[in-house]
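Me: I would like to go through this structure slowly, asking at each step how a label is earned. Please set each value beside its cut-off before you conclude anything.

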Amino acid sequence: MALLTPTEALTRILESVTPLQATELVRLEQAVGRVLAGSLSSDVDLPPFVKSAMDGYAVRSSDFAPGVEETVLEVVGESRAGAPFEGVLGAGQCAAIYTGAEAPRGADAVVMVEHSRADGSRVVLRDRPTVGQHLCEQGQDLRVGQAVLAPGRRVRAVDLALLAAAGCEPLEVVRRPRVAIWTSGDELVPPSERPGRGQIREGNTLHLAAMARAAGAEVVARGVVRDDPEELRASFERALSDCDALITTGGVSMGKYDLVGQALEACGVSGVFHRVAIKPGKPLWFGARGAVPVFALPGNPVSCLVNHELFVAPALRRLGGESAPAAPLLRGRWRGTARAANPREQHLPVRIEPEADGGVGLHPVRWNGSADVVGISNCQGLAVAPLDLALAPGAVLEFRVLG
């Protein structure tokens, strides 16, 4: 049977995932990385008043006669942030004003302080301002009742100032998806132990948990289970009863001890597909029990990483309510040697280097395959070589940056 392409696999995964409906309120200081649950509108105009964009003098443009180099005005007060000028400017009057301060009534322009010279209670201004010069109009950025940010958006640090100014605290966000991560293998020992003969240290659950958190999830369980059908079934059953998504690693190929798929099916998980035309990461198994998506990833760490980046992370973002779950790819030029076409989409570890024309070069790193944690740690990203396409030096490829 023909393998699914990565695009086909991701489509099936996202079609199987239903966003969580549960929401919670958080303070803005806790909001970065959370997904907005509802529509937001501002309770004020932004700016809330006509304000100065410069330090200088608030003036009436009608006081400046055509062809006159210098205009002398009486300084009748000042307006500063939090303490606006209370009066109304009359003919021949001005007020000192500072950046962000409210413009006095009667003023329709600001002359920068650099174009002024103090003269006792008067000021000499070397400018002929136009109406609105250096002023920010009330509501020019946002009006009362206008939408601030759309539901399904993941909050960034840069959004906090806007959310605060618009009065969006507390903020309603989608509950984080609860994720369980299990790895199987009799050869696995904790990172703190020295491996014995035939053993290796377990690290897949560490990087999978870190990537799941980066995709907005909460990791509620993480552990190792032996290659025993009953232990696998019992561990998966416990996880499925208390999580929104289950991720396993190891035991999904075609060998005698690749038991994960059978154990998942014994727990009532319905398989959707097994194996994808991708390198590394071909043995990916995906299924679901009710609304809980289940990902059984290969045990090799680079395969794990690629599968998570391409398939698991978008599903977790969709589960968490994000409207754009798949991160856009960037483009760069392949700076390696020619490569023959491959019937699987290849994800090649690369260094990313800026080039003189403003583009980026994708330089392959030394890498010995899907178990090579040294090579993958030395790379900055993964270049995507499309299936059945030979690569020539200088070819333009999509790539993703690794965190």
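Me: What makes Asp 388 count as exposed or buried?

Reply: The model is a predicted one, and in it Asp 388 has a relative accessibility of 54%. Exposed means over 50%, so Asp 388, at 54%, counts as exposed. Asp 388 is found in the loop between β23 (381-385) and β24 (396-401), and this residue has a positive phi of about 60 degrees although it is not a glycine.

Me: Why is a positive phi worth pointing out in a residue that is not a glycine?

Reply: Most residues other than glycine have a negative phi. Arg 275 also has a positive phi, of about 90 degrees, and is not a glycine.

Me: Where does Arg 275 lie, and what does its accessibility make it count as?

Reply: Arg 275 lies in the loop between β16 (270-274) and β17. Its relative accessibility is 30%, and since buried means under 20% and exposed over 50%, Arg 275 falls in between and therefore counts as partly exposed.

Me: Which peptide bonds are described as cis?

Reply: One cis peptide bond joins Leu 46 and Pro 47, with omega about -10 degrees, and Pro 47 has its place in the loop between β1 (23-26) and β2 (51-52). Another joins Lys 279 and Pro 280, with omega about -5 degrees, and Pro 280 sits in the loop between β17 (278-279) and β18. Most peptide bonds, by contrast, are trans.

Me: How do you know that the sulfur of Cys 267 is too far from that of Cys 243 for a bond?

Reply: The closest cysteine sulfur to that of Cys 267 is in Cys 243, at 11 Å, while a disulfide needs the two sulfur atoms within 2.5 Å, so this pair is too far apart for a bond. A search of the whole structure finds zero disulfides. Cys 267 is itself buried, because its relative accessible area of 5% is under 20%.

Me: What makes Thr 205 buried, and what does Thr 205 touch?

Reply: Thr 205, which lies in helix α3, has a relative accessible area of 1%, and because buried means under 20%, Thr 205 is buried. Leaving aside residues up to four places away in sequence, Thr 205 touches Ile 181, Trp 182, Thr 183, Arg 222 and Gly 223. With Arg 222 the link is also a polar contact between side chains, at 2.9 Å, and that distance is within the 3.5 Å cut-off.

Me: How do you know on which side of α4 the buried residues are?

Reply: The buried residues of α4 are Leu 232, Ser 235, Phe 236, Ala 239 and Leu 240. They cover an arc of only 130 degrees around the axis, which puts them on the same side of α4. In general, an α-helix has 3.6 residues a turn, so residues three or four places apart point the same way. Among the elements that cover the buried residues of α4 are β11 (178-184), β14 (218-225) and α5 (260-266).

Me: What makes up the largest nonpolar core, and which helix gives the most to it?

Reply: The largest nonpolar core has 43 residues, and those with the most contacts inside it are Ile 13, Phe 273, Leu 297, Phe 311 and Leu 316. Helix α6 gives the most to this core, with 11 residues. A second, separate core has 20 residues, including Val 260 and Trp 285.

Note on methods: Residues are numbered from 1 along each chain as its sequence is written. This is a predicted model: local features need pLDDT of at least 70, side-chain atom pairs count only at pLDDT 80 or more; totals for chains, interfaces and linings use all residues. Side-chain values use heavy atoms; hydrogens and water are left out. Buried means under 20% relative accessible area, exposed over 50%, partly exposed in between (1.4 Å probe, protein chains only). Helices (H or I, at least four residues) and strands (E, at least two) are DSSP runs, numbered from the N terminus. The arc is that of the directions from the helix axis to the C-beta atoms. Contact means heavy atoms within 4.5 Å. A nonpolar core is a set of buried Ala, Val, Leu, Ile, Met, Phe, Trp, Tyr and Cys residues joined through side-chain atoms within 4.5 Å. A polar contact is a pair of N or O atoms within 3.5 Å; within protein, one must be able to donate a hydrogen and the other to accept it, and residues adjacent in sequence count only if both atoms are side-chain atoms.
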